[in-house]
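Colleague: Please take one loop of this model and examine it closely, and then follow its contacts into the rest of the chain. I should like a connected account rather than a list.

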Amino acid sequence: MSLADRIVSDAAAVFLNSDHFSETVTYYPHRFHTDAARLPRSIQAVVTRNQVATFGPDEQILTEFEVRVANNAVTGISSEELDTGGDQIQLAPRVGESVAKRSIQYLTEHDDGMLVLICR
């Protein structure tokens, strides 16, 4: 097993393990007008809440969430299927609060193992 394979395996086994760091969120893929419906699915994610607050055009503070998921179309979100600005993730703004959908704004990092997304 190569180092890259080991890192991908470890990311799923350790970071995306709900007994350790991750939690279950719901991924809502955007439906393109020419494509068949893509159904929402529950996935494991590591969520960093309220990491960055930025001023929007109307000078409001916008809370951003950093969400790490497996780069995998079954257990996470594959980089090929990701539609920034269209896809959404449903998560709780604070642990224990009610969940709400957040738009996936952009992809900050990715490799064969994981995607790092910024959601608002």
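**The loop and its surroundings**

Modeller: Val 74 is placed in the loop that runs between β3 (61–70) and β4. The model is a predicted one. With a relative accessible area of 66%, Val 74 is exposed, because exposed residues are those over 50%. In space, the C-alpha of Val 74 is 8.8 Å from the C-alpha of Arg 41, although the two residues are 33 apart in sequence.

Arg 41 also has a partner in this loop. Its salt bridge is to Glu 81, with 2.6 Å between the closest N and O atoms. This pair connects distant parts of the chain, since Arg 41 belongs to strand β2 (residues 41–55) while Glu 81 sits in the loop between β3 and β4, 40 residues apart. In contrast to the exposed Val 74, Arg 41 counts as buried at 18% relative accessibility. Glu 81 is buried as well, with a relative accessible area of 15%. Both belong in that class because buried means under 20%.

The loop lies between two strands, and these may be taken in turn. In β3, Glu 64 makes a salt bridge with Arg 120, whose closest N and O atoms are 2.5 Å apart. Arg 120 is in the segment after β6, so this pair ties together parts that are 56 residues apart in sequence. Glu 64 counts as buried at 4% relative accessibility, whereas Arg 120, at 32%, counts as partly exposed. Another salt bridge joins Glu 66 to Arg 68, with the closest N and O atoms 3.4 Å apart. Glu 66 is buried, having a relative accessible area of 13%, and Arg 68 counts as partly exposed at 28%. Salt bridges with shared partners join Arg 38, Arg 41, Glu 81 and Asp 87 into one network. In total, the structure holds six salt bridges.

On the other side of the loop is β4, which covers residues 88–91. Its covered face consists of Ile 89 and Leu 91, and its uncovered face of Gln 88 and Gln 90. Strand β1 (residues 23–28) pairs with β4 in the antiparallel sense over three bridges, and within this pairing Tyr 28 has Gln 88 as its bridge partner. The pairing of β4 with strand β5 (residues 100–110) is also antiparallel, over four bridges. Here Gln 88 has Ser 103 as its bridge partner in β5.

From β5 the path leads to β6. A hairpin of three residues joins β5 to β6, and the two strands pair in the antiparallel sense over five bridges. In this pairing, Leu 107 stands opposite Leu 117. Tyr 106 also lies in β5 and is partly exposed, with a relative accessible area of 38%. Its C-alpha is separated by 5.5 Å from that of Ile 118, which is 12 residues away along the chain.

Strand β6 brings the account back to β3, with which it pairs in the antiparallel sense over six bridges. Val 69 stands opposite Leu 115 of β6. Six of the six residues of β6 are buried, so this strand is largely enclosed by the rest of the structure. Both of its faces are covered: one carries Met 114, Val 116 and Ile 118, and the other carries Leu 115, Leu 117 and Cys 119.

The loop between β5 and β6 offers a further view of the surface. Asp 112 is located there and counts as exposed at 65% relative accessibility. Together with Asp 5, Glu 109 and Asp 111, Asp 112 forms a negative surface patch.

These details fit into the following overall plan. The secondary structure of the protein comes to one helix and six strands, following the pattern α-β-β-β-β-β-β along the sequence. Of its 120 residues, 36% count as buried. To return to the loop between β3 and β4, it holds the exposed Val 74 and also Glu 81, which is buried and bridged to Arg 41.

Key:
Residues are numbered from 1 along each chain as its sequence is written. This is a predicted model: local features need pLDDT of at least 70, side-chain atom pairs count only at pLDDT 80 or more; totals for chains, interfaces and linings use all residues. Side-chain values use heavy atoms; hydrogens and water are left out. Buried means under 20% relative accessible area, exposed over 50%, partly exposed in between (1.4 Å probe, protein chains only). Two strands pair if DSSP finds at least two bridges between them. Patches are made of residues with over 30% relative accessible area and no salt bridge: like charges are joined within 9 Å, nonpolar side chains (Val, Leu, Ile, Met, Phe, Trp, Tyr) within 5 Å. Accessible areas come from the Shrake-Rupley method with a 1.4 Å probe; for residues, only the protein chains shown count as cover. A salt bridge is a side-chain nitrogen of Lys or Arg within 4 Å of a carboxyl oxygen of Asp or Glu. Lys and Arg count as positive and Asp and Glu as negative; His and the chain ends are not counted. The place of a charge is taken as NZ of Lys, CZ of Arg, CG of Asp or CD of Glu.
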